[in-house]
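Visitor: I have a protein structure to look at, and I am new to this. Can you walk me through it?
Guide: Gladly. Put it on screen and ask away.

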2 protein chains.
Amino acid sequence: MENFVFQNTTKIIFGKNTETQVGMETKAYADRVFLHYGGGSIKRTGLYDRVVASLKAAGVPSAGDVWDFFTGKSRIETALPIGVVLTIPAAGSETSTASVITNDEGALKRDVSAEPLQPKFAILNPELTYTLPAYQTACGVADIMAHVMERYFTKVKGTDLTDRLCEATLRTVIKYAPLALQKPTDYEARAQIMWAGTIAHNALLGTGRIGDWASHLIEHEISGIYDVPHGAGLAVVFPAWMRYVYQEDVNIFARFAVRVWDIEPDFAAPESTALAGIERLKDFFRGLGLPVTLEELQVGTDRLAEMAAKCARNGPIGNFKRLNEKDVYAIYRLASAEKNGGS
Amino acid sequence: MENFVFQNTTKIIFGKNTETQVGMETKAYADRVFLHYGGGSIKRTGLYDRVVASLKAAGVPSAGDVWDFFTGKSRIETALPIGVVLTIPAAGSETSTASVITNDEGALKRDVSAEPLQPKFAILNPELTYTLPAYQTACGVADIMAHVMERYFTKVKGTDLTDRLCEATLRTVIKYAPLALQKPTDYEARAQIMWAGTIAHNALLGTGRIGDWASHLIEHEISGIYDVPHGAGLAVVFPAWMRYVYQEDVNIFARFAVRVWDIEPDFAAPESTALAGIERLKDFFRGLGLPVTLEELQVGTDRLAEMAAKCARNGPIGNFKRLNEKDVYAIYRLASAEKNGGS
């Protein structure tokens, strides 16, 4: 187990009708606010009206180019106090210090982490996710699972408690994702997925471990160029990454198969147990209506070499197995079509 | 699942040699400190010298009688910023808002919770627990498990994620407690138990649930009168409480047996599965050298009626099953000797 520092100060307000508390929570930090939201669904669902009832517009404390923060040219020293009303369980940014954006110029998707980005409060009402389209729900689930799996596959020993907390979180999502798709207004299913999405990325599951994170970087090159949801890209990349690296530690992959997917261990052949777990993950994504090959994402093979070069531009990536440009290219090839994936 | 608010702001610094950071962390809050510690073992182990190297004495912001906070006569409105260097994983107070003391006058053990008691930082170095006597280690383990189990047994439905997080935490402690007793300097065992002790009581495992807490109250009446470690008292009380209440929801107890103790479920007789889980818990405590009857604690039957009356003085206790004075007395009787426990 590695030394670590853990602190997550975000006040989480979880449950039905909690969005009506946004005004009261905001009052502690500011009288004026900058309201940031997505494509407009919050207006259709009425959430916008409920939130705006107590909020007015404000400014940002930085005058420079925001892209500089993502290239490392500028450092994030301060930020407006951030409050979140979550409408899709996926990124986990409701309690994390991370932020990801895409610069259309150069098709670059980059992330940055900084303490001032830690939200002061996050309002999590599972009912606000009832109207999520099935595909977005599934993409969010893949992202949540990826956040756990990036931490789960580690070379660090002595991580039993967080191994099991990871498995608990994965099993919960695996149980409830199909239920949420079947009945979008199933409160318990939406609630379990939403809370799992936060736990998956609030840093708890990574305590004492060194996560891998190669799959996230490999995926960012896909959704940086193509109009692909991050979660869908992860559903394609993660199984391919697994097939490429599992021999680094077959036992962890066998444990993943047994404890997460209830596969009966083949004690004589841990490798076949390990592979069965990866196939089960792929089947699960398929069952949610997600793509598991680049072909299904309508991503051709023509730019794979360029993507691999961009991905490994600063040297090898990943920690479970260090991957250079050639490795990343091989993973894109594995991911490209079923016949290459070999399942 | 119940609505909830979750926020735990304590900065946790976990791992080897972390106690040397106490000065730096304290500096952010004060120039003077009030150093509070136990029976003197920290002087024998040299921890005192390492901590004092950067700290000096101070005062407290309240002039009244501290007992008034525990009777509800006074409310805790403020507190000195609290920093913790943990030397026994047990109470979980390193990241909680709770405090428990005993008033020798009247042999009253009472608790109080208040936000200002939330520590600003907690330094968790598992090496500092190497010198813990075996019995204290075991008592701490029983306390940790009790904190999980008080939350685990709930009537609230739709708690799958936290059910599994609870089970993950229990399984980890169950695996590592015997290893820590066998080899007190086993870093991984000490580290897993220490981190589990924090997770068990930082409020995460109770999110969306209504905990029971009767066993804690029933135990407090024991260690309030007798010179008994809280954890040893819990090892006696918890199995007795379980036997008294399990019929309220046999399925939860069967799940506890199967998922926590790997007992093969008897689908034709869930009740026997449930009872097997309770017996396994009792066996586990016994194996750690803990008492499982009041007799072994050298607590006679003469004051049981008095204890039951004190325990239920404000009306029924517990949430999984509401218990009145008569119920509490019956649990003390069940706990009093093996022949009453019926195992």
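Visitor: Which residues of chain A are covered by the UniProt annotation "domain: Alcohol dehydrogenase iron-type/glycerol dehydrogenase GldA"?
Guide: A word of caution before I answer: this is a predicted model. The annotation comes from UniProt, from an unreviewed entry. In chain A it covers residues 65-126.

Visitor: Over residues 65-126 of chain A, how far apart are the end C-alpha atoms?
Guide: Start with the make-up of this stretch. It is 8% helix and 31% strand. Its end C-alpha atoms are separated by 35 Å.

Visitor: What share of residues 138-334 of chain A is helix, and what share is strand?
Guide: UniProt lists that range as "domain: Fe-containing alcohol dehydrogenase-like C-terminal", again in an unreviewed entry. The end C-alpha atoms of the range are 22 Å apart. The stretch is 64% helix and 0% strand.

Visitor: How many aromatic pairs are found in the whole structure?
Guide: The search runs over all chains. The total is 32.

Visitor: Why is the pair of A:Trp241 and A:Phe253 called tilted?
Guide: Look at the centres, then at the planes. The ring centres are 6.4 Å apart, inside the 6.5 Å limit for a pair. The planes meet at 45 degrees, which is neither under 30 nor over 60, so the pair is tilted.

Visitor: Where in chain A do A:Trp241 and A:Phe253 lie?
Guide: The two are 12 residues apart, and the pair links distant parts of the chain. A:Trp241 is in helix 9, residues 230-245. A:Phe253 is in helix 10, residues 250-261.

Visitor: Is A:Trp241 buried or exposed?
Guide: The cut-off for buried is under 20% relative accessible area. A:Trp241 has 0%, so this residue passes. Its partner A:Phe253 also has 0% and is buried. For A:Trp241 the word is buried.

Visitor: Which residues form one aromatic cluster with A:Trp241 and A:Phe253?
Guide: Both rings belong to this cluster. The other members are A:Tyr152, A:Phe153, A:Phe238, A:Tyr246, A:Phe256, A:Trp261, A:Phe284, A:Phe285 and A:Phe320.

Visitor: Which ring does the charged end of B:Lys155 sit over?
Guide: Chain B has lysines placed over rings. B:Lys16 lies over the face of B:Tyr187, 4.3 Å from the ring centre. For B:Lys155 the distance to the centre is 5.9 Å. That ring belongs to B:Phe320.

Visitor: Why are helix 10 and helix 11 of chain B called oblique to each other?
Guide: Their axes come within 7 Å and cross at roughly 50 degrees. Roughly parallel needs under 35 degrees, and roughly perpendicular starts at 65. An angle between those limits falls in neither class, so the helices are oblique.

Visitor: What is the handedness of the crossing of helix 10 and helix 11 of chain B?
Guide: Helix 10 spans residues 250-261 and helix 11 spans residues 270-287. Their crossing is left-handed.

Visitor: At what angle do helix 12 and helix 13 of chain B pack?
Guide: Helix 12 is residues 304-311 and helix 13 is residues 325-336. Helix 12 passes helix 13 in a right-handed crossing. Their axes are 8 Å apart. The angle is about 135 degrees.

Visitor: In which loop is A:Asp262 found?
Guide: Most residues other than glycine have a negative phi. A:Asp262 is not a glycine, yet its phi is positive, about 55 degrees. At 53% relative accessibility, A:Asp262 counts as exposed. A:Asp262 sits in the loop between helix 10 and helix 11 of chain A.

Visitor: What is the phi of B:Gln298?
Guide: B:Gln298 is in the loop between helix 11 and helix 12 of chain B. At 71% relative accessibility, B:Gln298 is exposed. This residue is not a glycine, but its phi is positive, at about 60 degrees.

Visitor: What distance separates the C-alpha atoms of A:Leu161 and A:Leu205?
Guide: A:Leu161 is in helix 6 of chain A. At 1% relative accessibility, A:Leu161 is buried. A:Leu205 is 44 residues away along the chain. The C-alpha atoms are separated by 9.1 Å.

Definitions and conventions. Residues numbered from 1 in each chain as written. Chains lettered and ligands numbered in written order. Predicted model: local features only at pLDDT ≥ 70, side-chain atom pairs only at ≥ 80, totals over all residues. Heavy atoms only, no water. UniProt positions renumbered as here; feature names shortened; annotations may be inferred. Helix = DSSP H or I, 4+ residues; strand = E, 2+ residues; numbered from the N terminus. Phe/Tyr/Trp six-rings, centres within 6.5 Å; stacked < 30°, edge-to-face > 60°. Buried < 20%, exposed > 50% of the residue type's maximum accessible area, 1.4 Å probe, protein only. Lys NZ or Arg CZ within 6 Å of the ring centre and 35° of its normal. Axes fitted to C-alpha atoms, helices over the stretch in contact; angles between N-to-C directions. Parallel < 35°, antiparallel > 145°, perpendicular 65-115°, else oblique. Left-handed = near helix turned anticlockwise from the far one by under 90°.
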